[in-house]
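Colleague: I should like to learn how the features of a model such as this one are to be read. Might we begin with the packing of helices?

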Amino acid sequence: MTGYFSPCFRMFPSMSIDPKALLTELIRAALKSVAPEHAGTPILLERPRQAGHGDFATNIAMQLARTLKRNPRELAGLLRAELPPSKWVEKVEVAGAGFINFTFAPAVKTAVVVDALTQGKDWGRGKPRGVKVQVEFVSANPTGPLHVGHGRGAAYGASLADVLAFAGFEVSREYYINDAGRQMDILALSTWLRYLALFNINVELPPNAYRGEYVAEMAQELRIAHNDRFAHVAAADVLNGVPELPPPERCDDKEAKAQREQHLDALIANAKRLLGEDYQWVHGFVLNEQLGDVRDDLQEFGVRFDKWFSERSLFDTGLVERAVSRLERAGHVYVQNGAKWFRSTAFGDEKDRVVQRDNGIYTYFASDIAYHLNKYERGFGHMIDIWGADHHGYAPRVKGAVEALGLDPAQLDVALVQFAVLYRNGQKTSMSTRAGEFVTLRELRNEVGKDACRFFYVLRKSDQHLDFDLDLAKSRSNENPVYYVQYAHARACSALRKWGDELAGLVEADTGVLGSEHELGLCARLAAFPETVQTAADDYAPHQIAFYLRELAADFHSWYNAERMLVDEEAVKLARLALAGAIRQTLANGLALLGVSAPESM
């Protein structure tokens with residue numbers, strides 16, 4: 001197949017083409033000849049799993065076989081015979097049940113090297129899609145340090161946001177601060193009771209309070225900042241009217257659990273009564289301390305947010321009341337025993353949900369409905385909520401509420417993240433925030449490094465279970481995936497340093513002399529990078545970038561070990577250095593999307 005000059009040819013110095021556009025045009029031309037009435041059929045082109053099956057394959061013959069009442073393999077043969085010739089396509093074969101496999105000429109494969117070099121940090125970047133996307137992630141209650149479970153949601157959300165932005169979306173990263181709920185009251189109480197103990201006002205800390213060392217540290221800081229301002233009470237007053245705790249042996253008893261919660265709520269009520277306006281000082285102090293710690297922790301983890309959204313602001317602006325009223329006017333709320341219920345069963349939920357209790361207090365669900373109403377009102381074309389997998393049952397009722405508000409639930413996606421389980425010396429580590437028995441994200445990062453944390457967290461699909469192998473993450477071996485990929489980048493940098501000339505000159509290298517199996521395979525791998533970025537964005541799957549980088553690193557290490565770069569023949573040397581430069585750039589771009597550094601030496 002020679003002599004056809006495709007109009008898809010792009011007049012770049014690299015003589016590169018758009019492979020999918022070229023093949024689509026050729027296949028469509030064949031369809032016009034074989035089945036003109038189906039010439040507009042969407043054409044799917046995919047890279048075969050095995051290199052021997054060509055560079056791209058299409059199932060168009062199998063797709064149309066039933067409609068045309070033809071054997072798919074015979075139809076594939078007819079289409080192959082009618083394909084216009086192209087100087088860029090070296091071989092076309094019919095395979096299997098009716099696939100058509102295409103193999104490009106070497107010049108098409110090697111042209112990607114110059115594309116990567118000339119585009120640099122923009123290599124792989126998609127065209128602007130004109131869609132505003134909000135990604136809300138982490139959003140952990142600011143009731144204690146982030147632990148290793150939160151770290152996975154942070155790494156996934158940050159990488160997904162970066163991949164979406166690189167793929168052409170306009171992305172806004174948001175953290176929802178739960179600063180108006182009961183958990184913050186529990187933390188404020190826990191800190192105050194520890195603070196009182198510093199003045200010998202001893203009230204037993206409930207077993208369901210927050211008990212970590214960070215609570216004791218906040219109590220000390222509260223004393224340093226305010227001396228005894230919040231200590232003018234007696235233990236008897238704190239315990240006045242508080243029901244007794246059940247005995248410890250009844251820890252798993254359902255009734256005992258309810259009694260413990262009643263005990264805690266009574267203590268909170270007494271704290272608010274005794275402290276009066278000063279309660280908000282204590283509440284605000286612990287909120288600012290923990291939120292500040294979360295901000296610093298995430299910043300050190302390479303995770304940034306464009307907006308920190310306060311749940312309290314939903315109440316201050318009246319949006320919670322407005323959202324519930326809107327549902328009432330639409331007939332989706334009814335009153336029972338003095339409480340207002342949302343008819344979530346009408347939208348696929350297992351039972352209806354309370355949005356306002358009989359005491360007039362709005363539920364967390366009500367504020368969540370208001371928060372999502374706010375997202376739509378801000379004009380996002382698409383919204384992605386990233387939640388822990390334990391919230392899987394919450395997604396249908398939120399989407400149901402969105403639909404009940406008259407909004408399009410298709411604009412909202414919920415991505416679930418399984419908590420990571422950390423293993424140290426083969427032992428599983430507990431992560432209970434209230435009990436204080438957890439490994440913090442900061443501790444993990446200090447132990448294995450930010451790069452290993454970020455890479456390991458996205459090595460599996462977000463909704464799959466992840467065992468974090470601490471020993472592997474710290475190892476400097478080829479079995480450690482982040483080390484393996486970073487070492488490939490450092491090796492490429494080393495080869496280019498040994499050459500010592502200006503890298504800009506490599507853009508002019510004759511990549512057509514690259515012809516070994518290793519080299520053509522590497523070029524094919526490089527060409528797949530932009531597609532991988534787009535697919536990872538569309539599937540909300542940054543782990544695909546991690547997989548791709550491991551495969552590219554493996555291909556590069558094999559080539560590096562098999563062939564010399566700095567050979568005597570100048571054209572071959574420059575072409576191989578250009579290939580190394582393109583690989584280095586692709587590794588750097590991919591690692592950046594995952595929040596991982598690309599060291600130049602190791």
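**Reading the model by its features**

Modeller: H5 passes H23 in a left-handed crossing. The contact is formed by Val113, Ala116 and Leu117 of H5, together with Ala578, Leu579, Gly581, Ala582, Gln585 and Thr586 of H23. Please note that this is a predicted model.

Colleague: At what angle do H5 and H23 pack, and how far apart are their axes?

Modeller: Helix H5 covers residues 112-119 and helix H23 residues 570-593; they pack at about 55 degrees, and their axes are 8 Å apart. The two helices are therefore classed as oblique to each other.

Colleague: How is the spacing of contact residues along a helix to be understood?

Modeller: An α-helix has 3.6 residues a turn, so residues three or four places apart point the same way. In the present case, H5 contributes Val113, Ala116 and Leu117 to the contact with H23.

Colleague: How many residues of each class make up the contact of H5 with H23?

Modeller: Six are nonpolar and three are polar, while none is charged.

Colleague: Let us turn to the chain as a whole. How many helices and strands does the protein chain have?

Modeller: The protein chain has 23 helices and 15 strands. Its C-alpha trace spans about 95 × 60 × 40 Å along the principal axes. Of its 602 residues, 50% count as buried. Where contacts join residues at least 6 apart in sequence, 72% of them link residues at least 24 apart.

Colleague: How does one judge whether a helix is enclosed, and which residues of H15 are buried?

Modeller: One counts the residues with under 20% relative accessible area. In helix H15 (residues 394-404), eight of the 11 residues are buried, so this helix is largely enclosed by the rest of the structure. The buried residues are Tyr394, Ala395, Arg397, Val398, Gly400, Ala401, Val402 and Ala404.

Colleague: What covers the buried residues of H15?

Modeller: The cover includes helices H13 (319-329) and H14 (364-377), as well as strands S9 (339-342), S10 (353-356), S11 (382-388) and S12 (412-417). Just after H15, glycine 406 adopts a positive phi of about 85 degrees.

Colleague: How should a positive phi be read in a residue that is not glycine?

Modeller: Most residues other than glycine have a negative phi. Two cases may be examined here. Valine 138 has a positive phi, near 65 degrees, and belongs to the loop between strand S5 (132-136) and helix H6 (148-166). Asparagine 200 has a positive phi of about 60 degrees and lies in the loop between helix H7 (182-197) and helix H8 (213-226).

Colleague: Are valine 138 and asparagine 200 buried or exposed?

Modeller: Valine 138 counts as buried, since its relative accessibility is 15%. Asparagine 200, with a relative accessible area of 66%, is exposed.

Colleague: How does one read the surroundings of a buried polar side chain, and where does histidine 557 lie?

Modeller: One establishes the burial and then looks for polar partners. Histidine 557 is located in helix H22 (residues 543-562) and is buried, with a relative accessible area of 6%. Its side chain makes a polar contact of 3.1 Å with the side chain of arginine 491. In addition, a polar atom of the histidine 557 side chain is 3.2 Å from the backbone oxygen of tyrosine 484. Neighbours within four places in sequence aside, histidine 557 is in contact with Tyr484, Tyr487, Ala488 and Arg491.

Colleague: Which residues does glutamine 486 touch, not counting those up to four places away in sequence?

Modeller: They are Asp451, Leu591, Val596, Ser597, Pro599 and Met602. Glutamine 486 is part of helix H19 (residues 481-499), and its relative accessibility of 8% means that it counts as buried. A polar atom of its side chain lies 3.0 Å from the backbone oxygen of serine 597.

Colleague: May we close with a loop residue? Where is aspartate 510 placed?

Modeller: Aspartate 510 is in the loop between H19 and helix H20 (517-527). At 48% relative accessibility, this aspartate counts as partly exposed. A polar atom of the aspartate 510 side chain is 3.1 Å from the backbone nitrogen of glycine 512. Aspartate 510 and alanine 575 are separated by 65 residues in sequence, yet their C-alpha atoms are 5.9 Å apart in space.

Notes: Residues are numbered from 1 along each chain as its sequence is written. This is a predicted model: local features need pLDDT of at least 70, side-chain atom pairs count only at pLDDT 80 or more; totals for chains, interfaces and linings use all residues. Side-chain values use heavy atoms; hydrogens and water are left out. Axes are lines fitted to C-alpha atoms, for helices over the stretch in contact, and angles run from 0 to 180 degrees between N-to-C directions. Helices (H or I, at least four residues) and strands (E, at least two) are DSSP runs, numbered from the N terminus. Angles under 35 degrees count as roughly parallel, over 145 as roughly antiparallel, 65 to 115 as roughly perpendicular and the rest as oblique. A crossing is left-handed if the near helix is turned anticlockwise from the far one by less than a right angle, and right-handed if clockwise. Contact means heavy atoms within 4.5 Å. Ala, Val, Leu, Ile, Met, Phe, Trp, Tyr, Cys and Pro count as nonpolar, Asp, Glu, Lys and Arg as charged, and the others, Gly among them, as polar. Buried means under 20% relative accessible area, exposed over 50%, partly exposed in between (1.4 Å probe, protein chains only). A polar contact is a pair of N or O atoms within 3.5 Å; within protein, one must be able to donate a hydrogen and the other to accept it, and residues adjacent in sequence count only if both atoms are side-chain atoms.
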